[in-house]
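Please open the structure in a viewer and keep the selection tool at hand. The tour below proceeds from one selection to the next and states what is to be found at each stop.

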Amino acid sequence: MEAYRELYRRAEENPEAFWSEQATNEIHWFEKWNHPFEWNPPFVKWFVGGKTNAAYNCLDRHLATRGDKAAIIFEGEPGDQRVITYRELHRLVCRFTNVLKARGCQPGDRAMIYMPMVPEAVVAMLACARLGVTHSVVFGGFSAEALKARIHDLDARIVLTADGGWRRGKEVRLKDAVDEAVKDCPGVKDVIVYQRTAQPLFMTEGRDHWWHDLDLGVSDECPAEQLDSEHPLFVLYTSGTTGKPKGILHTTGGYLTYVTSTMKWVFDLKEDDVYWCTADIGWVTGHSYLVYGPLSAGATCMIYEGSPDYPAWDRWWDVIARHKVSILYTSPTAIRALIKQGEELPNSHDLSSLRLLGSVGEPINPAAWEWYHRVIGKDRCPIVDTWWQTETGGIMIAPMPGAIPLKPGSGTLPMPGILTEVVDFEGKPRGHQRRGFPHHQAPWPGMIRTIWGDPERFQQQYFSRMPGVYFTGDAARCDEDGYLWILGRVDDVMNVSGHRLSTMEVESALVSHPAVAEAAVVGKPHEITGQAICCFVTLKQGNWDHHQLGQDLRKWVAHEIGAFARPDEIRFTEALPKTRSGKIMRRLLREIVTSHTVSGDVTTLEDLGVVNKLATQHDED
Ligand code: WTA
């Protein structure tokens with residue numbers, strides 16, 4: 001604890017010196033920077049004037065000391081396995097960078113990555129980084145429509161994909177979705193297809209190329225581009241409070257410094273660890289703690305392609321036992337799903353290789369914490385509960401294991417250099433135990449640079465409440481020991497299975513259906529997924545079969561956004577509760593789905609009858 005306090009104090013007193021030291025110790029620079037950072041709120045630049053390369057840091061610099069160390073241990077869902085050393089990963093990345101060059105890609109271009117969880121997805125990301133092509137990974141669960149919107153927003157020139165991937169024994173077809181998306185994207189010149197499932201496929205002459213064909217005859221040599229520290233590394237789309245996802249931009253030098261430092265602090269990484277982060281590369285956790293953080297830190301990363309229940313619910317425990325995984329980083333929603341399958345499954349595997357457990361994505365409830373600690377960690381592995389966001393780039397609040405005593409359900413204390421305070425609406429500090437908003441007072445190297453193409457929305461969304469102070473969108477309280485307890489979102493963002501989704505996104509999808517007049521969407525508590533999507537829908541004139549239409553609308557939303565956004569429940573109603581000025585009162589709807597009653601203030605409500613009907617409707621169903 002003393003060591004942590006000392007580190008924290010140093011970072012607080014002299015952030016320039018602290019972060020300079022981190023960047024010097026953790027990252028290779030081709031040219032050193034002139035200033036540690038320039039802060040013109042809301043815009044920041046880190047390690048200004050420095051030159052580096054993310055792929056170089058994840059690969060080349062390890063070759064002398066870790067060339068023969070496994071960088072990736074891969075297990076496909078069907079059971080196929082590969083161990084890829086740092087030397088081999090370097091070779092694969094160099095070759096694919098040459099492929100991208102041969103297609104005419106240049107630093108500053110944008111590439112979409114829409115791939116299953118196979119090592120080539122990592123190769124694709126690192127090859128883009130090596131060349132300076134800004135990548136945007138789209139989770140394979142997103143639909144063609146969602147992919148198309150992201151390609152347009154980024155004006156991407158190339159799409160890197162695969163025929164499909166394996167999930168629950170079935171092929172998830174990705175290239176078909178790319179075909180549907182790209183037909184309306186004239187800016188996309190090339191689609192490169194990695195062959196994973198080898199199922200029949202249609203290739204468009206001139207546009208689509210097999211990865212293995214382009215790989216023939218390219219060189220193993222490819223020097224990394226020397227890129228500016230602020231060169232855009234990736235854009236990752238995430239849900240905000242409007243219907244349009246926002247492209248969160250992260251750049252190179254600061255991001256890499258931050259994820260490498262936090263990777264070491266939070267996971268207390270040892271040379272012989274086998275580290276397994278179960279997140280998909282399509283989410284920020286997959287970027288920061290499956291690819292850039294661990295590879296930059298020289299770790300061995302486990303990657304598993306498929307579903308935890310295939311062929312049975314003990315697949316993860318089997319993977320841990322066979323590959324001797326020592327660090328497991330996963331989400332509370334996954335833990336809750338696994339709890340349901342009972343203790344016998346984990347108990348029948350040797351989990352003694354585990355030494356540290358991690359949690360991310362939502363507050364971990366006491367029952368899940370206790371089970372994770374007792375059944376998986378055998379009461380000997382600390383649990384690091386890590387709070388952060390796509391926008392923060394890396395972990396902001398988490399215990400340093402061994403140093404900081406744990407309290408189940410709390411992310412404990414902020415990382416060194418992260419000045420977090422729980423404040424009220426006016427920005428005044430809240431006393432202990434009082435609910436407020438966690439704010440981050442000083443810039444940090446991993447923070448969001450802007451929203452792609454929309455600097456105004458960036459300013460408005462994160463910095464308009466208090467100038468120069470980053471607003472998270474979460475509520476929290478701080479206890480008498482200074483420990484932070486995250487209480488969940490305060491905006492219209494839902495958290496379904498640890499995936500961020502805005503209520504507006506689902507509403508926009510619903511009202512684009514010809515039968516729907518109006519829609520209001522709220523998250524309702526769910527035992528496993530944390531929240532489930534509940535939709536209140538009014539219909540246009542017509543003779544609708546509610547049962548059939550309910551099914552159709554759920555499918556429709558999955559088609560518009562992605563299968564993970566399929567609503568749990570569709571409730572048809574004659575009217576939605578609105579204020580006299582016509583705003584839908586989502587707060588009331590939230591109360592209705594949570595408690596089936598309404599207790600709050602309803603004085604601004606237009607028609608109380610609507611609410612009473614909605615509140616009793618569920619019980620009648
Ligand atoms: C929530 C995921 C409590 C939070 C890395 C945040 C958490 C949102 C935790 C960001 C945690 C994430 N405890 N809540 N340990 N981790 N959250 O951008 O509401 O997908 O604002 O990033 O997830 O989700 P995102």
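**First stop: Ile-395 and its surroundings**

Select Ile-395 in this predicted model. Apart from neighbours within four places in sequence, Ile-395 is in contact with Tyr-258, Thr-262, Val-266, Phe-267, Tyr-289, Tyr-329, Thr-386, Trp-387, Trp-388 and Met-415. The residue belongs to the loop between β20 and β21 (420-423). Is Ile-395 buried or exposed? Its relative accessible area is 0%, and because the limit for a buried residue is under 20%, Ile-395 counts as buried. Next, add Gln-226 to the selection: Ile-395 and Gln-226 stand 169 residues apart in sequence, and their C-alpha atoms are 27 Å apart in space.

**Second stop: the ligand**

Thr-386, a contact of Ile-395, leads to the ligand. Select the ligand together with the 17 residues around it; Asp-385, Thr-386, Thr-390, Arg-489 and Arg-500 come nearest. By character, this shell comprises six nonpolar, six polar and five charged residues.

Which atoms of Gly-361 and Glu-362 should be displayed here? In Gly-361, a polar backbone atom is 3.1 Å from a nitrogen atom of the ligand. In Glu-362, a polar backbone atom is likewise found 3.3 Å from a nitrogen atom of the ligand. For Gln-389, show the side chain, where a polar atom lies 2.9 Å from an oxygen atom of the ligand. The ligand taken alone exposes 530 Å², of which the protein buries 95%. To see the elements that give two or more residues to the shell, colour α11 (284-296), β20 (383-386) and β26 (484-489).

**Third stop: helix α18**

Move to residues 546-560, which form helix α18. A distance drawn between the end C-alpha atoms reads 20 Å; at 1.5 Å a residue, the 15 residues should span 21 Å, so the two values agree. At the N-terminal end, Asp-545 acts as the cap, with a side-chain oxygen 3.0 Å from the backbone nitrogen of His-547. Beyond the helix comes Gly-562, with a positive phi near 155 degrees.

Now highlight Leu-549, Gly-550, Leu-553, Val-557 and Ala-558, which are buried. In an α-helix there are 3.6 residues a turn, so residues three or four places apart point the same way. The cover over the buried residues of α18 includes α17 (503-511), β29 (516-526), β30 (530-539) and β31 (569-572).

**Fourth stop: helix α7 and strand β8**

Select residues 144-154, helix α7, and mark its buried residues: Ala-144, Ala-146, Leu-147, Lys-148, Arg-150, Ile-151 and Leu-154. Among the elements that cover them are α18, visited above, and β6 (110-114), β7 (134-137), β8 (158-162), α8 (175-182) and β14 (232-238). Just after α7, Asp-155 has a positive phi of about 55 degrees.

From there, proceed to Thr-161 in strand β8. Thr-161 is buried, with a relative accessible area of 0%. Beyond its neighbours within four places in sequence, Thr-161 is in contact with Tyr-114, Met-115, Leu-174, Lys-175, Val-178, Val-191, Ile-192, Val-193 and Tyr-194.

**Last stop: Glu-26**

Finally, select Glu-26 in helix α2 (residues 15-26). Glu-26 is buried, with a relative accessible area of 13%. Which side chain forms a polar contact of 2.7 Å with that of Glu-26? The partner is Lys-264. Not counting residues up to four places away in sequence, Glu-26 touches Arg-61, Thr-260, Ser-261 and Lys-264.

How values were computed: Residues numbered from 1 in each chain as written. Predicted model: local features only at pLDDT ≥ 70, side-chain atom pairs only at ≥ 80, totals over all residues. Heavy atoms only, no water. Helix = DSSP H or I, 4+ residues; strand = E, 2+ residues; numbered from the N terminus. Expected span 1.5 Å × (residues − 1). Buried < 20%, exposed > 50% of the residue type's maximum accessible area, 1.4 Å probe, protein only. Contact = heavy atoms within 4.5 Å. Polar contact = N/O pair within 3.5 Å; in protein donor to acceptor, adjacent residues only side chain to side chain. Near = heavy atom within 4 Å. Areas by Shrake-Rupley, 256 points an atom, 1.4 Å probe, with all protein chains shown as cover. Nonpolar A, V, L, I, M, F, W, Y, C, P; charged D, E, K, R; others polar.
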